Amino acid sequence: MTLRSITCVAAISAAYATSAFSADSSDPITIPIHNWSSQIVMSHVVGQIFEGMGNNVEFVTTDSQAVYESVRLGDVTLELEVWEGAFGASFRTALENGGLHDAGDHDAVTREDWWYPMWTKDACPGLPSWEALNDCAAIFATAETGSKGRYLDGPVDWLKHGQERVAALGMNFQVVNAGSAAALWAEIGAAEAEKKPVVVFNWTPNFAEAVWPGEFVEFPVWVDGCDSDPSVGPNPDAAHDCGNPATGYLKKAAWDGMKDKWPAAYDTLTKISFTNPQIAEMAKFVDVDEMEPEEAAEAWLEANESTWKAWVN
Ligand code: TMO
């Protein structure tokens with residue numbers, strides 16, 4: 001053991017001796033990893049913070065909707081990126097069933113929805129209105145979608161209701177699910193040279209906003225219940241007849257048992273709050289700079305010590 005780590009252990013022990021916390025369990029804190037870069041990097045950032053506090057951490061790759069049931073049951077300990085648009089419904093269901101709770105909001109304000117790179121507007125000047133987009137459906141048609149416009153949605157585990165929105169609003173579009181986030185970036189990249197109009201799923205905060213200027217399509221404004229109650233939204237007979245929240249939350253969720261089993265890590269979790277630029281940068285490290293997620297997490301921690309040290313008791 002180096003002198004530095006001895007001093008560090010002593011300092012941590014002293015902190016526990018004088019704090020109200022009992023020591024965290026030596027069982028691993030299980031952090032779920034999904035299929036978009038900021039979530040993977042953020043999970044490693046927080047995992048490395050927990051390890052620095054003396055905890056054991058393990059990562060598991062899980063489905064991003066089913067994870068709320070896993071947190072509720074304590075199979076995984078927490079979720080660091082609860083995006084309102086994609087996961088609000090699964091999060092609310094798990095909350096109602098019990099076993100998981102809201103561990104606080106990040107500073108970040110989020111949006112996830114149909115999006116186009118700005119050159120698309122040259123071919124469809126009425127954008128960003130969804131009605132204008134629908135009037136332009138033919139310019140988005142492909143061999144795969146016939147006379148309908150093609151909308152490349154995210155992987156199926158992010159949002160399950162793209163085709164229902166198309167039906168509820170009577171749109172002349174066909175929803176195609178991308179196999180991965182990388183397929184979305186490839187679609188935009190491939191369209192760029194010829195300035196081909198495309199409409200794809202995208203979100204903010206993300207690296208993409210610094211690479212491709214663009215806009216979200218403006219659908220009927222989100223109202224609570226629009227995803228479950230047909231009477232909410234412009235179509236009285238269908239749910240999913242509005243856009244995702246334009247100023248959505250980004251929450252942390254925790255298994256109810258976390259605060260007793262790992263009280264110090266839990267205290268840190270409640271204090272953690274990332275901003276839009278911090279999250280966009282985490283994605284950029286991987287998607288633009290091609291760093292490994294663990295390496296990106298180390299770089300982030302090194303550059304942002306004053307931010308994360310304030311979260312550690
Ligand atoms: C879940 N996501 C942030 C990719 O929209």
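These exercises walk through the cavities, a pocket, the ligand site and some backbone features of one predicted model.

Residues are numbered from 1 along each chain as its sequence is written. Because the model is predicted, local features need pLDDT of at least 70 and side-chain atom pairs count only at pLDDT 80 or more, while totals for chains, interfaces and linings use all residues; side-chain values use heavy atoms, with hydrogens and water left out.

**Exercise 1. Find the residues that line the largest cavity, and sort them by class.**

Step 1. Start with the term: on a 1 Å grid over the protein atoms alone, a cavity is a set of points where a 1.4 Å probe fits but cannot get out, and lining residues have an atom within 4 Å of a point. Grid points are joined across faces, edges and corners, and a volume is the space filled by probe spheres set on the points.

Step 2. The structure holds 2 cavities of 30 Å³ or more, and the largest has a volume of about 70 Å³.

Step 3. Its lining is made of W36, W83, A86, F87, E112, W158, F201 and W203. Sorted by class, that gives 7 nonpolar, no polar and 1 charged residues. Here Ala, Val, Leu, Ile, Met, Phe, Trp, Tyr, Cys and Pro count as nonpolar, Asp, Glu, Lys and Arg as charged, and the others, Gly among them, as polar.

Step 4. Domain 1 (3-109 + 248-312) and domain 2 (111-216) each provide at least three of the lining residues; the bounds come from an automatic or database domain assignment.

**Exercise 2. Describe what surrounds the ligand.**

Step 1. Look for residues with a heavy atom within 4 Å of the ligand: these are W36, W83, F87, E112, W158, F201 and W203.

Step 2. Now check the side chain of E112: one of its N or O atoms is 2.7 Å from an oxygen atom of the ligand.

Step 3. Finish with the surface, using accessible areas from the Shrake-Rupley method with a 1.4 Å probe. Alone, the ligand exposes 210 Å², and the protein buries 100% of that.

**Exercise 3. Work out why the second largest pocket lies between the two domains.**

Step 1. A pocket is an open set of grid points with protein on both sides within 12 Å along at least five of seven lines. This one holds about 420 Å³ of space.

Step 2. Count its lining: there are 27 residues, with G85, L159, H161, H240 and N244 nearest the centre. By class they are 10 nonpolar, 10 polar and 7 charged.

Step 3. Helix 4 (84-97) gives the most, with 7 residues. Helices (H or I, at least four residues) and strands (E, at least two) are DSSP runs, numbered from the N terminus.

Step 4. Domain 1 and domain 2 both give residues to the lining, so the pocket lies between them.

**Exercise 4. Locate the cis peptide bond at P205, then place P205 in the second largest cavity.**

Step 1. The bond from T204 to P205 is cis, with omega near 5 degrees. P205 sits in the loop between strand 8 and helix 9 (208-211).

Step 2. P205 also lines the second largest cavity, along with W36, S37, S38, W203, N206, A283 and D287. Helix 2 (37-52) and helix 12 (276-287) are the elements that give two or more residues to this lining. About 30 Å³ of space lies in this cavity.

**Exercise 5. Identify the backbone feature of H240.**

Step 1. Phi of H240 is near 65 degrees, a positive value in a residue other than glycine.

Step 2. H240 is found in the loop between strand 9 (214-216) and strand 10 (250-255).

How values were computed:
Polar contact = N/O pair within 3.5 Å; in protein donor to acceptor, adjacent residues only side chain to side chain.
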